[in-house]
Amino acid sequence: MKLASLKQPGSGQPGSGQGRDGRLVVVSDDLAWYADAGHICATLQGALDDWARIAPALELLAIDLRNEAIPRERFHEHDAAAPLPRAYQWLDGSAYVNHVALVRQARGAELPESFWHDPLMYQGGSDGFLGARDAIPLADESWGCDLEGEVVVVTGDVAMGASRDEALAAVRLVGLTNDVSLRNLIPAELAKGFGFVQSKPASAFSPVFVTPEALGDWWQDGKLHRRLMVEVNGRAFGRADAGVDMTFDFGTLIAHAARTRVLSAGTIVGSGTVSNRDADGGAGRPVADGGVGYSCLAELRMVETIRDGAATTPYLSRGDTVRIWMEDDRHRPIFGTIEQTVG
């Protein structure tokens, strides 16, 4: 089952109130059509709050849509808000330790042993997310705007102290995100010892989120086993496999977050930047050189620094475009496409 939230008039504007959470729809497997789900539940958050009762009704609606047994309308991705336009919680991990290792290697720092068994995670702003076709707002190019292609999951309620298996059973939906970073603001913020705020603006999410059951064998052991496709300004930039080199699966990440607190239904948990080692075990190579490339500009800049002594690839500027998607076996987007222009 694939779910989306259509934008409502005035949504996202201060004081607009009703409409900020979008209108819940069920989307066809090929992303061509949708059926309104308002008679079942008005919003995706509402469905997550009562998942045991609401999900079966949404599944029946998806079957009727597949069989063309109900009224349907064309699904246009630019009409979609983030599936959860705002969420109770947004937690982003760093499950691909290869990415972290490259960051530290580029600045000559060793990777602590604890990074291999204790996940990194930060809590980001969740009061407003970008839709897949919304522009990336950038007030100052000197801030170092970067994309970050990631996999995300949405949970139901998770008990404090949940085991990895209990946490994994709480995954309700899977999707993608562009977790935008302002790289040149990060060092000063982290030096304060209190984490990210200004350096992590609003993230964008794929047009649809998908139930784990609908992903079939692609979803195994808390990992999504498909390639994350990334383009920058129309050129292939990343083809990393999200199921490879993922040190911490989503069950582990969710359990880590729930160690000392309950997670409410609608919590979004990110994988961190998808990152693969090269075939020889070293730093990845660009797609143009036969490698699987990268899911963020910072990683390429790290490789350039390690290899050449200095980074030469610039961060994003106004007018640059980013595309992030994941394909099925017929080369069709599974979650739709995140396609953004820096504004």
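Modeller: A residue is called buried when its relative accessible area is under 20%. Keep in mind that this is a predicted model. By that cut-off, 52% of the 343 residues of the protein count as buried.

Colleague: Okay, and what makes the protein as compact as a globular protein of that length?

Modeller: First the inventory: eight helices and 19 strands. The radius of gyration is 19 Å, and the globule rule gives 20 Å for 343 residues; the two are close, so the protein is as compact as a globular protein of that length. Along the principal axes, the C-alpha atoms fill a box of roughly 60 × 45 × 45 Å.

Colleague: Why does arginine 86 count as partly exposed?

Modeller: Buried would need under 20% and exposed over 50%. Arginine 86 has 33% relative accessibility, so it counts as partly exposed. You'll find arginine 86 in the loop between β4 and β5.

Colleague: What makes the link between arginine 86 and aspartate 21 a polar contact?

Modeller: The limit for such a pair of N or O atoms is 3.5 Å, and these two side chains are joined at 2.8 Å. Arginine 86 also touches other residues, including Arg20, Ser126 and Phe129. Arginine 20 is 66 residues away in sequence, yet the C-alpha atoms of the two arginines are 7.8 Å apart.

Colleague: How do you know that β18 and β19 pair?

Modeller: Pairing takes at least two bridges, and these strands have four, in the antiparallel sense. One of the partners in β19 is glutamine 340, bridged to valine 322. Gln340 sits on the covered face of β19 with Ile338, whereas Glu339 and Thr341 make up the uncovered one.

Key
Residues numbered from 1 in each chain as written. Predicted model: local features only at pLDDT ≥ 70, side-chain atom pairs only at ≥ 80, totals over all residues. Heavy atoms only, no water. Buried < 20%, exposed > 50% of the residue type's maximum accessible area, 1.4 Å probe, protein only. Helix = DSSP H or I, 4+ residues; strand = E, 2+ residues; numbered from the N terminus. Contact = heavy atoms within 4.5 Å. Polar contact = N/O pair within 3.5 Å; in protein donor to acceptor, adjacent residues only side chain to side chain. Rg over C-alpha atoms; globule rule 2.2 N^0.38 Å. Lists of a residue's contacts leave out its neighbours within four places in sequence.
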